[in-house]
Amino acid sequence: GCRAQTDPASEPGVIAVAKALPAVVNINTERVVRRRVRDPFEDFAAQYFGNYRSRGREISQTLQSLGSGFIIDPMGYIVTNQHVVERAADLKIEVTLNDGKTVPGRYITGDDKKDLALIKIDAKEPLPFIDLNNPSPNLLGQSVIVVGNALGYSSTISRGVLSGMKREITIGGIEYKNLLQTDAAINPGNSGGPLIDLSSRLVGISS
């Protein structure tokens with residue numbers, strides 16, 4: 001009896017993480033943003049040559065965003081944060097699975113107010129997933145684990161308790177209602193990944 005209790009491999013948290021990890025992915029997005037900029041030389045030319053028309057130049061900037069997500073269906077549907085995959089016409093989404101394989105993803109739909117998005121990858125065979133039909137009861141004080149896939153190969157785990165329910169915050173003019181609060185550390189790379197209980201059931205989504 002005593003030896004089994006001191007074996008880390010039999011800890012509920014370790015077992016829960018091992019069960020959830022295969023469904024947790026890394027999401028890397030790139031989008032190109034075009035902006036018009038004024039060229040001071042063109043202003044100078046317009047001043048001295050009168051008929052010179054200043055058009056301004058267009059420059060392209062590539063914005064990159066990195067976060068986590070998790071597979072919710074064996075066909076390859078993935079939930080993440082909307083801010084990780086913000087909608088854009090020329091958005092490139094790269095999804096790295098837990099085994100290190102990288103596949104292209106496509107944006108399906110999203111909601112700014114809930115900060116949730118749904119993306120899809122093509123699955124050759126059924127993928128491991130976290131079942132949305134069997135959620136955690138979400139009890140105050142229960143142990144929770146943040147599972148992220150920050151850089152494809154490296155999973156990041158932090159642990160705490162469910163410390164608040166129905167929280168409301170406003171960020172950048174958007175009001176987020178009905179949030180859960182945890183004291184487990186959530187870093188930007190974990191954003192969009194799952195928060196699970198010790199039975200590996202979904203509590204919420206890190207943001």
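**View 1. Strand 1 and strand 4 pair in the antiparallel sense.** In this predicted model, strand 1, which covers residues 24-37, is joined to strand 4, residues 92-96, over five bridges. Within this pairing, Asn28 has Glu94 of strand 4 as its bridge partner.

**View 2. Six strands form a closed barrel.** Followed around the barrel, the strands come in the order 1-2-3-6-5-4, and their pairing is antiparallel. From one strand to the next, the twist averages 40 degrees.

**View 3. Five strands form an open sheet with antiparallel pairing.** The order of the strands in this sheet is 9-8-7-10-11, and its edges are strand 9 (174-182) and strand 11 (202-205), each of which pairs on one side only. The twist in this sheet averages 45 degrees from one strand to the next. Helix 2, made of residues 12-20, packs on the sheet and touches strand 7 (143-149), strand 8 and strand 10 (194-196), while the direction of the helix makes about 145 degrees with that of strand 10.

**View 4. Strand 8 and strand 9 pair in the antiparallel sense.** Strand 8 spans residues 155-171, and six bridges link this strand to strand 9. A pair to look for here is Ile169 and Tyr176, since Ile169 stands opposite Tyr176, a residue of strand 9.

**View 5. Phe41, Phe44, Tyr48 and Phe49 make a nonpolar surface patch.** The patch has an area of about 510 Å². One of its residues, Phe44, is found in helix 3, which runs over residues 40-49. Phe44 has a relative accessible area of 43%, and is therefore described as partly exposed, a class that lies between buried, under 20%, and exposed, over 50%.

Notes
Residues are numbered from 1 along each chain as its sequence is written. This is a predicted model: local features need pLDDT of at least 70, side-chain atom pairs count only at pLDDT 80 or more; totals for chains, interfaces and linings use all residues. Side-chain values use heavy atoms; hydrogens and water are left out. Patches are made of residues with over 30% relative accessible area and no salt bridge: like charges are joined within 9 Å, nonpolar side chains (Val, Leu, Ile, Met, Phe, Trp, Tyr) within 5 Å. Accessible areas come from the Shrake-Rupley method with a 1.4 Å probe; for residues, only the protein chains shown count as cover. A salt bridge is a side-chain nitrogen of Lys or Arg within 4 Å of a carboxyl oxygen of Asp or Glu. Helices (H or I, at least four residues) and strands (E, at least two) are DSSP runs, numbered from the N terminus. Buried means under 20% relative accessible area, exposed over 50%, partly exposed in between (1.4 Å probe, protein chains only). Two strands pair if DSSP finds at least two bridges between them. Axes are lines fitted to C-alpha atoms, for helices over the stretch in contact, and angles run from 0 to 180 degrees between N-to-C directions. Contact means heavy atoms within 4.5 Å.
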